[in-house]
Amino acid sequence: EAASSVDYAGYGAIEGESDLRKAYSKHLSALYKAELSESNVHITSGCNQAFITAVMSVAKAGDTVLMTEPFYFNHQSTLEMLGIKWATVPCDAGNGFVPEKETIIAHLHSGVKALALVSPNNPTGAVYPPELLQEIYEICRQKGIWLLLDETYRDFLENPDQAPHPLFQADNWQDGLIQLYSFSKSFCIPGHRLGAVAASEDVIANIAKIMDNLQICAPRAPQHAVAQALEPLESWRNDNRKEIALRAAAMSEVIEAIDGWKIEAIGAYFAFVRHPYPQFGSMRVAEALAEQLGIITLPGVFFGENQDAFLRFAFANADSETIRLLSSRLPALGLS
């Protein structure tokens, strides 16, 4: 209905449609047991754009933004295009690729303007515990560094009614936290490109200036549709979450039974898998999987130069029956 309406063919508010901003801020307030309003929300065209606008609002060319490694490669390429320096906080497979507080502290030098985290993580799937996120947030506040928290896959956590962290309850959270989100993933509408930023009114105002030069406004018809769907489709989103959890379980079951292959971390959408071919780079292994077996993965090296021992399996869009086919296909891989 919205797509066929002439009303949504014109320009909309740069910050996003008021009905979606109100509905989403109400949703955030209920989930995080905090007080957020429409003025704390900016709607973007997908979460990648949310990251671009957020990072431009707090950092300029020559500044440094920290990411964890493995990192989401679109974050890295965004920073490079903007002339913003980037550095990484190494995460250990032995710790499930969850960052360690001490390691983060060691990398927070004076030139760092922001720390960008993704939880549940892309590419590893790792979920960062609420207590750790709280500690990291407090460290960033003490050092005057922004925390950019990408929660694209938040709705696929085990308990969708439990807040992933208490950060929105902190006094003056607006001075140090910017949260990113994707409607595209939760509602299975990635082609409609719909994301959101939750931040202070001042940050939202600056993001509006940036958006005015990028896209004017996010697509209007899906904004109106999602605003109406947030509450009515909650049970549908929960069913979808449960289905993806079954697929994650199937992925774990299959890989654990295959000699040489090991899941080092798995989460909402992704598994970061150690391959049994240390003599070959992850690029060669990924190419062979695609060419010989029709299994599409991403090489670990895409997510950091130290990740050559791994592949990212994106299992969320394959049903459990298809995932279980890996048990006969992976062992058939021939590399020489």
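**Close-up views of the predicted model**

**View A. Two cis peptide bonds, each leading into a proline.** Pro70 sits in the loop that runs between strand 2 (64-69) and helix 3 (73-81). Helices (H or I, at least four residues) and strands (E, at least two) are DSSP runs, numbered from the N terminus. The peptide bond joining Glu69 and Pro70 is cis, with omega at about 10°. This is a predicted model, so to speak of local features takes pLDDT of at least 70, and side-chain atom pairs count only at pLDDT 80 or more, while totals for chains, interfaces and linings use all residues. Residues are numbered from 1 along each chain as its sequence is written, and side-chain values use heavy atoms, with hydrogens and water left out. The other cis bond shown here joins Ser119 and Pro120, with omega at about -10°. Pro120 belongs to the loop between strand 4 (112-118) and helix 5. As background, most peptide bonds are trans, and most residues other than glycine have a negative phi.

**View B. Two non-glycine residues with positive phi.** Asn172 has a phi of about 55°, and its spot is the loop between strand 5 (146-150) and strand 6 (177-182). Cys188 also comes in at about 55° without being a glycine. Look for Cys188 in the loop between helix 6 (183-186) and strand 7 (195-198). Cys188 is partly exposed because its relative accessibility is 41%; buried means under 20% relative accessible area, exposed over 50%, and partly exposed in between (1.4 Å probe, protein chains only).

**View C. Glu151, a buried acid without a salt bridge.** Glu151 is found in the loop between strand 5 and strand 6. A salt bridge here needs a side-chain nitrogen of Lys or Arg within 4 Å of a carboxyl oxygen of Asp or Glu. So what is the nearest side chain of opposite charge to Glu151? That is Arg154, 4.5 Å away. Glu151 does make a side-chain polar contact with the side chain of Gln179, at 2.7 Å. A polar contact is a pair of N or O atoms within 3.5 Å; within protein, one must be able to donate a hydrogen and the other to accept it, and residues adjacent in sequence count only if both atoms are side-chain atoms.

**View D. The Glu17-Arg220 salt bridge.** The structure holds 9 salt bridges. In this one, the closest N and O atoms are 2.7 Å apart. Glu17 is in the segment before helix 1 (18-32) and Arg220 is in helix 8 (residues 220-229), so the pair links distant parts of the chain, 203 residues apart. Both partners, Glu17 and Arg220, are buried.

**View E. Glu243 and Arg247, paired within helix 9.** The closest N and O atoms of this salt bridge are 2.9 Å apart. Helix 9 spans residues 234-256, and the two partners are 4 residues apart in it, about one turn of the helix. Glu243 counts as partly exposed because its relative accessibility is 28%. Arg247 is buried, since its relative accessible area is 16%.

**View F. Glu264 and Arg274, a strand-to-strand salt bridge.** Their side chains meet at 2.8 Å, N to O. Glu264 lies in strand 8 (residues 262-266) and Arg274 in strand 9 (residues 270-274), so the pair ties together parts that are 10 residues apart in sequence. Salt bridges with shared partners join Lys262, Glu264 and Arg274 into one network. Glu264 is buried, at 13% relative accessible area, whereas Arg274 is partly exposed, at 31%.

**View G. A nonpolar patch on the surface.** Met283, Val301 and Phe302 form this patch, and together they have about 220 Å² of accessible area. Patch members have over 30% relative accessible area and no salt bridge: like charges are joined within 9 Å, nonpolar side chains (Val, Leu, Ile, Met, Phe, Trp, Tyr) within 5 Å. Areas come from the Shrake-Rupley method with a 1.4 Å probe; for residues, only the protein chains shown count as cover. Phe302 is in the loop between strand 10 (298-299) and strand 11 (310-314), and is partly exposed, with 34% relative accessibility.

**View H. Ala93 and Ala265, 172 residues apart in sequence.** Their C-alpha atoms are 7.6 Å apart in space. Ala93 is in the loop between strand 3 (85-90) and helix 4 (101-107). Ala93 counts as buried because its relative accessible area is 13%.

Definitions and conventions. Lys and Arg count as positive and Asp and Glu as negative; His and the chain ends are not counted.
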